[in-house]
Amino acid sequence: MITPELLATIRSKFAHVDACPFQGPRVFFENAGGALTLKAAVETSARFAAIPDNQGRDNPAAHALMGIIAEAKLAAMEWFNAPGGQVFVGESGTELLFRLIRTAVAGTSGGVLLGSTVEHPASRSAMAHWADKFSRDYRLVAHDDALGLVTADAYAAAVTPDTKVATILHTSPVTGMGMDLPAISAAIRAVAPECFIIVDGIQHASHGLVDLTAADVDGYVVSPYKVFSRHGYGVAWVSDRLTELGPEQLTGGPQNAWEFGTRDTGAYATFHDVVDYFDWLGGQVGEAETRRGRIEDAGAAIKAHEHDLCAAMLHGVGNLKGLADYDGVTVIGGTQNPAREGLVCFYADGHKAADIVAALNAEGVRTHVRKADHYSGNILTPLGQDAAVRVSMCHYNSKAEVTRFLSVLADIL
């Protein structure tokens, strides 16, 4: 669905797509650490950084800023396919997950708090912290080490009628596997229908569709720097029922508000740029007549293109071996896993992961080492590994870049 001609146009819309301003020419396979940034978002960010006026005043500039924020929230609601509720920005994706989880835990009492061992510490740490502060029963559903994900069946076996708050990781930034979010949510609600469900969507956002109508959850968080915007803010969607629990608010201030202080209009505007990009891409690959329809078409095209890139990396290009063809190379999650979303994580017998990453970088191929630390130990330690090489792609990457990676890797291995 993404032709070579379209791919060239896509790449032209991103900053530093094939060269690092510090290193020079390079292949960027570190998208899980932060995706490339849309040129439109760079321009928008600079434009709004120069405006001295704040929202909420009675002057033309303030009125314009409020209109821009309102339009951006509407666009974000369509991108999320949100069934009501509200969208707001915060400090970061991690900060927002902590805040949503804090509100849910503090607003309920007794019962069980439920998460899974596959989760990033952004949600696990928040649940553990507030479970300790409120003396709550926090339980973890074990993920499947071989598949690199947690299943709906595993949640179904663990959920109890008194489960009050549950967290779900949509996609793992270590294994690259996407969870079946609607199925996991349904499994929880089948037993505990009033449970508050909060989702870490940070890794998933750039790789596929977000559909909160299908997901049936109460909170969903993304980090815009991982979905083509910039650092410095996070975006959250919250359901009305989560808001009714009463998040912290200024005394005498607006009711049902989640934001504190004067927010950066540029944050909203740059996320609108992201939605506009999905809208544009959907128009190139489909014929939908609505913005949401085009966003869905874009998601399908992204998924298909990244599937092809992963297949090439795993099974080879031309006469170059893929990762699956090397003896002694283990791909986390397996080489035939349909849940994979644009990411391959591997380790090789006789080669330190850090050495592989350094050798690739020396040849202009940017990847990342994941260590068995507080970020990735939950995945790597059960596999008996202290580190692994993460190669993370996005739809603007090309098969030629995969070929370059495999060529350099052949010399290393």
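## Two sheets, a pocket and a cavity

Strand 12 (residues 343–348) and strand 15 (residues 387–392) run antiparallel to each other, joined over 4 bridges. That pairing sits inside an open sheet of 4 strands, and a second open sheet has 7 strands with mixed pairing. Keep in mind that this is a predicted model. Helix 11 turns up repeatedly below: it packs on the 4-stranded sheet and gives the most residues to the lining of the largest pocket.

**The antiparallel sheet**

- Reading across the sheet, the strand order is 11-12-15-14, and the pairing is antiparallel.
- At the edges you'll find strand 11 (329–331) and strand 14 (368–371), each of which pairs on one side only.
- From one strand to the next, the twist averages 35°.
- If you want a spot to look at between strands 12 and 15, try F346, which stands opposite V389 in strand 15.
- Helix 11 packs on this sheet and touches strand 11, strand 12 and strand 15. The direction of helix 11 makes about 15° with that of strand 12.

**Helix 11 itself**

- Helix 11 covers residues 291–315, 25 residues in total.
- At 1.5 Å a residue, helix 11 should span 36 Å, and its end C-alpha atoms are indeed 36 Å apart, so the two values agree.
- Just after helix 11 comes G316, with a positive phi of about 100°.

**The mixed sheet**

- Here the 7 strands go in the order 4-10-9-8-7-5-6, and the sheet is open.
- Its edge strands are strand 4 (86–90) and strand 6 (137–141), and each pairs on one side only.
- The twist in this sheet averages 20° from one strand to the next.
- Strand 5 (residues 112–116) pairs with strand 7 (residues 163–169) in the parallel sense, over 3 bridges. Within that pairing, L113 has V165 in strand 7 as its bridge partner.
- Helix 5 (residues 121–133) packs on the sheet, where it touches strand 5, strand 6 and strand 7. Its direction makes about 155° with that of strand 6.
- Helix 3 (residues 60–80) lies across strand 4, strand 9 (219–222) and strand 10 (234–238). Against strand 4, helix 3 runs at about 110°.

**The largest pocket**

- The volume of the largest pocket comes out at about 580 Å³.
- Its lining is made up of 29 residues, and the closest to the pocket centre are K303, P338, A339, R340 and E341.
- Which helix gives the most to the lining of the largest pocket? That would be helix 11, with 7 residues.
- Helix 7 (181–191), helix 8 (212–215) and helix 11 each supply at least two lining residues.
- Sorted by class, the lining of the pocket holds 12 nonpolar, 11 polar and 6 charged residues.

**The cavity**

- How many cavities of 30 Å³ or more does a search of the whole structure find? The search turns up 1.
- The largest cavity holds about 40 Å³ of space.
- V118, E119, H120, L169, S172, P173, V174, Y375, N378 and I379 line the largest cavity.
- By class, the cavity lining splits into 6 nonpolar, 3 polar and 1 charged.
- One of the lining residues is L169, and residue 169 also falls in strand 7 (residues 163–169) of the mixed sheet.

How values were computed
Residues are numbered from 1 along each chain as its sequence is written. This is a predicted model: local features need pLDDT of at least 70, side-chain atom pairs count only at pLDDT 80 or more; totals for chains, interfaces and linings use all residues. Side-chain values use heavy atoms; hydrogens and water are left out. Two strands pair if DSSP finds at least two bridges between them. Axes are lines fitted to C-alpha atoms, for helices over the stretch in contact, and angles run from 0 to 180 degrees between N-to-C directions. Contact means heavy atoms within 4.5 Å. On a 1 Å grid over the protein atoms alone, a cavity is a set of points where a 1.4 Å probe fits but cannot get out, and a pocket is an open set with protein on both sides within 12 Å along at least five of seven lines; lining residues have an atom within 4 Å of a point. Grid points are joined across faces, edges and corners, and a volume is the space filled by probe spheres set on the points. Ala, Val, Leu, Ile, Met, Phe, Trp, Tyr, Cys and Pro count as nonpolar, Asp, Glu, Lys and Arg as charged, and the others, Gly among them, as polar. The expected span of a helix is 1.5 Å times one less than its number of residues.
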